[in-house]
Amino acid sequence: MSGSVGWNPGASDIISGALRLIGAIASGEVPPANEYQDALAALNGLVKAWQASGVHVWAMAEGTVFLQPGQGRYGIGGGTTDQAAQGYVATIAGARVVAGATQVRVAAAAGIGVGSWVGIVLDAGGMFWSSVLSVVGGIVYLAGGLPGPASAGAAVVAYGVPVGRPLKIVGARAVDLVTGVETPLIPMSRLDYANLSGKGAPGGAPAQYFYDPQLESGVFSVYPAPLTARVAVTFTCQLPLEDIGGAADRADVPQEWISALRFALAVELAPEYDCPAQRFEMLRAMAAEKF
């Protein structure tokens with residue numbers, strides 16, 4: 001045995017395999033550049049279409065949206081100015097921070113790096129965000145000064161990678177950023193959320209949520225709107241499958257899906273190459289079985 005389990009071919013191998021299945025090229029041949037680009041476009045379209053099937057459990061991920069007092073709706077992904085992260089670290093302010101300060105002493109600086117986004121819960125209840133210029137010992141130096149004071153023990157969070165627009169959010173929990181206590185939230189339908197009144201009025205700890213994926217940025221709504229930024233919402237979501245770019249790029253699927261992807265691509269390309277009807281029906285049946 002080889003001792004290796006990491007086989008996962010690049011896009012060029014998947015495309016060549018699909019073209020061989022429909023008889024467009026022979027074994028050992030390389031498809032012309034224009035045919036390769038056409039097949040690559042079809043491959044990306046096929047992978048995107050699979051997103052609607054709901055079968056890609058490998059693309060499930062965790063994300064966190066950070067709340068602000070009185071704000072019930074938050075953008076996730078795209079060009080939104082709201083803060084949502086793939087993962088974050090939480091700590092507390094080790095000493096009181098005055099208004100205008102550009103440095104914060106934290107109880108633990110692990111996981112906070114240059115360029116990270118840092119949020120600090122102010123005494124007024126909101127969370128102030130700034131990028132990190134440097135970290136020296138337990139002191140975090142910020143690109144901007146705090147608009148108001150923050151007490152010792154105030155929640156401080158940091159993250160480096162924002163979360164992309166989820167296709168679907170399957171569950172969410174409210175998280176106390178100081179204690180770490182999590183409370184499950186109840187999902188709502190679009191109509192249930194629309195029928196609520198006072199969506200933007202601060203009402204306490206969020207108890208329900210609704211997610212609208214949209215096109216550019218997803219819209220995540222909580223009800224009631226929070227009183228303080230000390231509470232965030234961590235969610236389990238289904239992320240879009242990544243685009244396939246260069247020939248060496250791998251499809252955003254696990255190994256066990258490569259054969260299904262190759263046969264599905266063959267079926268996708270077959271009408272463009274006048275594939276014989278009998279061969280086409282055989283490939284379509286095999287592609288359906290593999291899927």
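How many helices and strands does the protein chain have? Here are some notes to help you find your way around.

1. Welcome to a predicted model. Its protein chain has 5 helices and 15 strands. With a radius of gyration of 24 Å, well over the 19 Å that the globule rule gives for 291 residues, the chain is more spread out than a compact globule. If you turn it along its principal axes, the C-alpha trace spans about 75 × 50 × 35 Å.

2. Next, a look at the chain as a whole. Of its 291 residues, 45% count as buried. The accessible surface comes to about 13900 Å², and carbon and sulfur atoms hold 55% of that surface. Among contacts with a separation of 6 or more, 70% are between residues 24 or more positions apart. As for charge, there are 16 positive and 22 negative charges, and their mean positions are 7 Å apart.

3. The largest nonpolar core is a good place to zoom in, and it has 36 residues. Helices H1 (11-21), H2 (33-50), H4 (258-269) and H5 (277-290) are the elements that give two or more residues to this core. H4 gives the most, with 9 residues. In soluble globular proteins, nonpolar side chains tend to be buried together.

4. Which residues have the most contacts inside this core? They are Ile-15, Ile-22, Leu-43, Leu-261, Leu-265, Leu-269 and Leu-283. Take Leu-261 as an example: leaving out residues up to four places away in sequence, Leu-261 touches Ile-14, Leu-43, Leu-46, Val-47, Trp-50, Ala-251 and Val-253.

5. Now move to strand E14 (residues 218-223), where you will find Ser-221. Is Ser-221 buried or exposed? Its relative accessible area is 1%, under the 20% cut-off, so Ser-221 is buried. Beyond its neighbours within four places in sequence, its contacts are Gly-72, Arg-73, Tyr-193, Gln-208, Tyr-209 and Phe-210.

6. Please check the backbone at Pro-224, in the loop between E14 and strand E15 (231-238). The peptide bond leading from Tyr-223 to Pro-224 is cis, with omega near -5°.

7. Two loop residues also deserve a look for their phi values. Gln-214, in the loop between strand E13 (208-212) and E14, has a positive phi of about 55° although it is not a glycine. Gln-214 counts as partly exposed, at 45% relative accessibility. Asp-274 sits in the loop between H4 and H5, and its phi is near 50°, again a positive value in a residue other than glycine. At 70% relative accessibility, Asp-274 counts as exposed.

Definitions and conventions
Residues are numbered from 1 along each chain as its sequence is written. This is a predicted model: local features need pLDDT of at least 70, side-chain atom pairs count only at pLDDT 80 or more; totals for chains, interfaces and linings use all residues. Side-chain values use heavy atoms; hydrogens and water are left out. Helices (H or I, at least four residues) and strands (E, at least two) are DSSP runs, numbered from the N terminus. The radius of gyration is taken over C-alpha atoms; the globule rule is 2.2 Å times the number of residues to the power 0.38. Buried means under 20% relative accessible area, exposed over 50%, partly exposed in between (1.4 Å probe, protein chains only). Contact means heavy atoms within 4.5 Å. Accessible areas come from the Shrake-Rupley method with a 1.4 Å probe; for residues, only the protein chains shown count as cover. Lys and Arg count as positive and Asp and Glu as negative; His and the chain ends are not counted. The place of a charge is taken as NZ of Lys, CZ of Arg, CG of Asp or CD of Glu. A nonpolar core is a set of buried Ala, Val, Leu, Ile, Met, Phe, Trp, Tyr and Cys residues joined through side-chain atoms within 4.5 Å.
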